[in-house]
Amino acid sequence: MNVGDAMNIGARGDAGTRELPEVADTEAFGAALATLLRAGDLVILDGPLGAGKTALTRGLAAGLGVGGRVSSPTFIIARAHPPGGPEQPGLIHVDAYRLGGLDDLDALDLDTDLDESVVVVEWGEGVAERLVDEYLLVRLRRDDLSEVRQVSWEWVRND
Ligand SMILES: Nc1ncnc2c1ncn2[C@@H]1O[C@H](COP(=O)(O)OP(=O)(O)OP(=O)(O)O)[C@@H](O)[C@H]1O
Ligand SMILES: [Mg+2]
């Protein structure tokens with residue numbers, strides 16, 4: 001069973017927008033995205049403080065079936081979650097907020113091969129996209145007066 005299936009967000013390569021009324025919806029959206037992702041993919045999460053970037057990553061981790069608890073990696077910069085099984089990608093969760101730049105993800109010296117994982121970078125816009133030819137850009141927006149989040153996503157190719 002995959003909790004993400006119910007959300008019907010289309011195929012890999014598609015763009016879209018969605019309203020996420022509460023945190024469970026943001027997690028379900030992350031799980032839905034996971035069904036489109038494969039090892040070596042980069043996901044850049046953009047959005048202000050408290051927008052739900054980590055909540056979305058929690059859903060992504062659940063959808064991918066990776067191990068370990070997702071938490072805000074603020075103090076550790078990056079966390080590697082092991083794959084849930086053979087032939088499945090792991091998840092590398094990076095918080096770029098404290099990083100001046102991210103010239104090379106290898107510089108994080110993770111004990112994991114990036115090609116074997118999905119890499120998700122909070123605050124990654126302007127920092128991580130040049131590491132790859134194509135990435136999934138996910139933007140979260142919030143209205144201070146309500147819990148509702150707006151998410152938009154698109155696959156972006158570097159020229
Ligand atoms: N619709 C929603 N989607 C996501 N989170 C929500 C929603 N409604 C309320 N919340 C709450 O907003 C907070 C989002 O926190 P989260 O850590 O995921 O944000 P973040 O974007 O990662 O923040 P930071 O910039 O500090 O890393 C949580 O406390 C969550 O419960
Ligand atoms: Mg966060």
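**Two helices, one sheet and a ligand shell**

In this predicted model, helices α1 and α2 pack with their axes 6 Å apart, at an angle of about 45°. The two helices are therefore oblique to each other. As for handedness, α1 passes α2 in a right-handed crossing. On the α1 side, the residues that meet α2 include Val23, Thr26, Phe29, Gly30 and Leu33. Their counterparts in α2 include Ala55, Leu56, Gly59, Leu60 and Gly63. Sorted by class, the residues of this contact come out as 11 nonpolar, 5 polar and 2 charged.

The same pair of helices turns up again around the ligand. Ligand 1 is surrounded by 18 residues, and the closest of them are Thr26, Gly52, Lys53, Thr54 and Glu147. Two elements, α1 (23–34) and α2 (53–64), give two or more residues each to this shell. The shell splits into 6 nonpolar, 6 polar and 6 charged residues. Thr26 is worth a second look: it is among the closest residues to ligand 1, and it is also one of the α1 residues that meet α2.

Then there is the sheet. Seven strands make up an open sheet with mixed pairing, in the order β1-β7-β6-β2-β5-β4-β3. β1 (16–20) and β3 (78–81) stand at the edges with a single partner strand each, so one side of each has no neighbour in the sheet. From one strand to the next, the twist averages 20°.

At the β1 edge, β1 pairs with β7 in the antiparallel sense over 5 bridges. Glu19 has Gln150 in β7 as its bridge partner. Next along, β6 and β7 are also antiparallel, and their pairing runs over 9 bridges. Here Arg141 stands opposite Gln150, so to speak on the other flank of the sequence of partners: Gln150 is matched with Glu19 as well. β6 and β7 form a hairpin, with 6 residues between them. At the β3 edge, β3 and β4 (residues 90–95) pair in the antiparallel sense over 4 bridges, and Ala80 has Ile92 in β4 as its bridge partner.

How do the helices sit on the sheet, and which strands does each one lie across? α1 lies across β1 and β7 (149–157), and runs at about 150° to β1. α2 lies across β2 (42–46), β3, β4, β5 (117–122) and β6 (134–142), running at about 170° to β5.

Technical notes: Residues are numbered from 1 along each chain as its sequence is written. Chains are lettered from A and ligands numbered from 1 in the order in which they are written. This is a predicted model: local features need pLDDT of at least 70, side-chain atom pairs count only at pLDDT 80 or more; totals for chains, interfaces and linings use all residues. A residue is near a molecule or strand if its C-beta atom, placed from the backbone, lies within 6 Å of it. Ala, Val, Leu, Ile, Met, Phe, Trp, Tyr, Cys and Pro count as nonpolar, Asp, Glu, Lys and Arg as charged, and the others, Gly among them, as polar. Axes are lines fitted to C-alpha atoms, for helices over the stretch in contact, and angles run from 0 to 180 degrees between N-to-C directions. Angles under 35 degrees count as roughly parallel, over 145 as roughly antiparallel, 65 to 115 as roughly perpendicular and the rest as oblique. A crossing is left-handed if the near helix is turned anticlockwise from the far one by less than a right angle, and right-handed if clockwise. Two residues are in contact if their C-beta atoms, placed from the backbone, lie within 7 Å. Two strands pair if DSSP finds at least two bridges between them.
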